[in-house]
Amino acid sequence: MKIALVGYGKMGRAIEEIAVERGHSVVAKLNETPTAESLKIADVAIEFTHPDAAPENISVCLKSKIPTVSGTTGWLFRKKEMDDLAIENGTAFLYASNFSLGVNIFFEVNKKLAALMRNFDEYRPQLEEIHHIHKKDAPSGTAITIAEGIIENNPKFDGWQLGQTKDNALGIFALREDEVPGTHSVFYRSEVDEIELKHTAYSRKGFALGAVIAAEWLHGKSGVFGMKDVLGID
Ligand SMILES: NC(=O)C1=CN([C@@H]2O[C@H](COP(=O)(O)OP(=O)(O)OC[C@H]3O[C@@H](n4cnc5c(N)ncnc54)[C@H](O)[C@@H]3O)[C@@H](O)[C@H]2O)C=CC1
Ligand SMILES: O=C(O)C1=N[C@H](C(=O)O)C[C@H](O)C1
């Protein structure tokens with residue numbers, strides 16, 4: 001498969017390494033908005049850039065009819081526009097807040113735990129995410145997906161907020177430390193004990209592998225997809 005890397009930063013480089021190991025060729029490494037010309041020979045585009053740049057980058061890829069995988073976080077208020085563009089242009093779009101297998105399993109366990117805990121008012125859920133100091137957005141896209149999983153399964157919550165909360169808002173603590181690749185925890189705390197569900201990424205390799213597997217899966221398809229489709233999770 002011929003891959004265009006839109007964004008050749010930490011993730012772009014990690015994706016290149018895995019893509020080449022898996023027999024693909026990287027035909028473009030772009031640190032600026034792509035053009036139809038720069039994408040011409042690509043079978044798929046993989047976009048990991050910046051929250052402010054992602055919608056324009058993805059639009060160009062989809063209008064050029066290139067199936068596109070995006071992992072950039074912090075721009076999701078414009079997701080529906082991108083989904084519509086994929087359909088209008090007869091191509092494919094796949095977004096995931098986190099491409100690692102472990103986190104996608106965590107997402108499912110989190111929803112089941114939230115459903116179980118909704119009848120136990122003595123436990124209050126709270127989220128924590130820890131990332132490297134270069135991260136542009138807070139909370140992380142992954143933490144937002146985890147929060148949505150709890151809100152869907154516990155009618156006591158109707159939204160999330162950064163920091164300590166009371167009542168109906170789920171609290172998310174976003175910490176920035178050194179070069180941490182990404183750690184996410186859900187705590188259920190009572191007066192007497194605590195339950196913790198935690199995922200720790202040791203490096204960016206799991207994110208990069210998931211993005212390449214998603215691109216392999218997307219090649220030749222049309223429509224709007226997520227990691228659940230790639231992993232066959234119902
Ligand atoms: N979904 C997932 O599994 C993961 C998502 N991410 C997200 O991916 C994004 C990128 O992360 P990193 O690679 O660590 O960041 P980075 O800062 O190392 O790399 C971003 C690259 O995008 C380039 N860029 C900036 N504006 C651009 C534009 N208009 N067009 C094309 N390229 C442009 C920059 O020059 C830079 O090389 C972030 O939003 C991060 O949160 C990161 C890891 C995993
Ligand atoms: O910026 C990062 O590095 C990461 N961003 C994603 C997020 O916002 O959830 C995924 C991963 O945690 C790393």
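The following exchange walks through the domains, ligand shells and some local backbone features of a predicted model.

Visitor: What conventions apply to this predicted model?
Guide: Residues are numbered from 1 along each chain as its sequence is written, while chains are lettered from A and ligands numbered from 1 in the order in which they are written. In this predicted model, local features need pLDDT of at least 70 and side-chain atom pairs count only at pLDDT 80 or more, whereas totals for chains, interfaces and linings use all residues.

Visitor: How far apart do the C-alpha centres of domain 1 and domain 2 lie?
Guide: The domain assignment, whose bounds come from an automatic or database source, gives domain 1 as 2-99 + 205-231 and domain 2 as 101-202. Ten residues of domain 1 are in contact with twelve of domain 2, contact meaning that the C-beta atoms, placed from the backbone, lie within 7 Å. The C-alpha centres of the two domains are separated by 27 Å.

Visitor: Which residues surround ligand 2?
Guide: A residue counts as near a molecule if its C-beta atom, placed from the backbone, lies within 6 Å of it. The shell around ligand 2 draws at least three residues from each of domain 1 and domain 2, and its residues divide into no nonpolar, eight polar and one charged, where Ala, Val, Leu, Ile, Met, Phe, Trp, Tyr, Cys and Pro count as nonpolar, Asp, Glu, Lys and Arg as charged, and the others, Gly among them, as polar. The residues are Thr 73, Ser 97, Asn 98, His 131, Lys 135, Ser 140, Gly 141, Thr 142 and Gly 182.

Visitor: Which residues come nearest to ligand 1?
Guide: The shell around ligand 1 divides into ten nonpolar, 14 polar and two charged residues. Helix H1 (residues 10-21) gives the most to this shell, with three residues; helices (H or I, at least four residues) and strands (E, at least two) are DSSP runs, numbered from the N terminus. Of the 26 residues around ligand 1, those that come nearest are Gly 9, Lys 10, Met 11, Ala 53 and Gly 71.

Visitor: At what angle do the axes of H1 and helix H6 cross?
Guide: Met 11, Ala 14, Ile 15, Ile 18 and Ala 19 in H1 meet Lys 205, Phe 207, Ala 208, Leu 209, Ala 211 and Val 212 in H6, and the residues of this contact divide into ten nonpolar, no polar and one charged. Axes are lines fitted to C-alpha atoms, for helices over the stretch in contact, with angles running from 0 to 180 degrees between N-to-C directions. The axes of H1 and H6 (residues 205-218) come within 8 Å, and they cross at roughly 60°.

Visitor: Why do the residues of the "binding site" annotation not all gather at one spot?
Guide: The UniProt annotation "binding site", from an unreviewed entry, covers Glu 32, Gly 71, Thr 72, Thr 73, Ala 96, Ser 97, Asn 98 and Phe 99. They do not all gather at one spot, because they span 68 residues in sequence and the farthest two C-alpha atoms are apart by 23.0 Å.

Visitor: Which peptide bond is cis?
Guide: Most residues other than glycine have a negative phi, and most peptide bonds are trans. Pro 139 has its place in the loop between strand E6 (124-131) and helix H5 (141-153). With omega near 0°, the cis peptide bond is the one from Ala 138 to Pro 139.

Visitor: What is phi of Asp 167 near?
Guide: Asp 167 is found in the loop between strand E7 (159-162) and strand E8 (169-176). Its phi is positive, in a residue other than glycine, and is near 60°.

Terms used. Two residues are in contact if their C-beta atoms, placed from the backbone, lie within 7 Å. UniProt positions are given in the numbering used here, feature names are shortened, and annotations may be inferred rather than shown by experiment.
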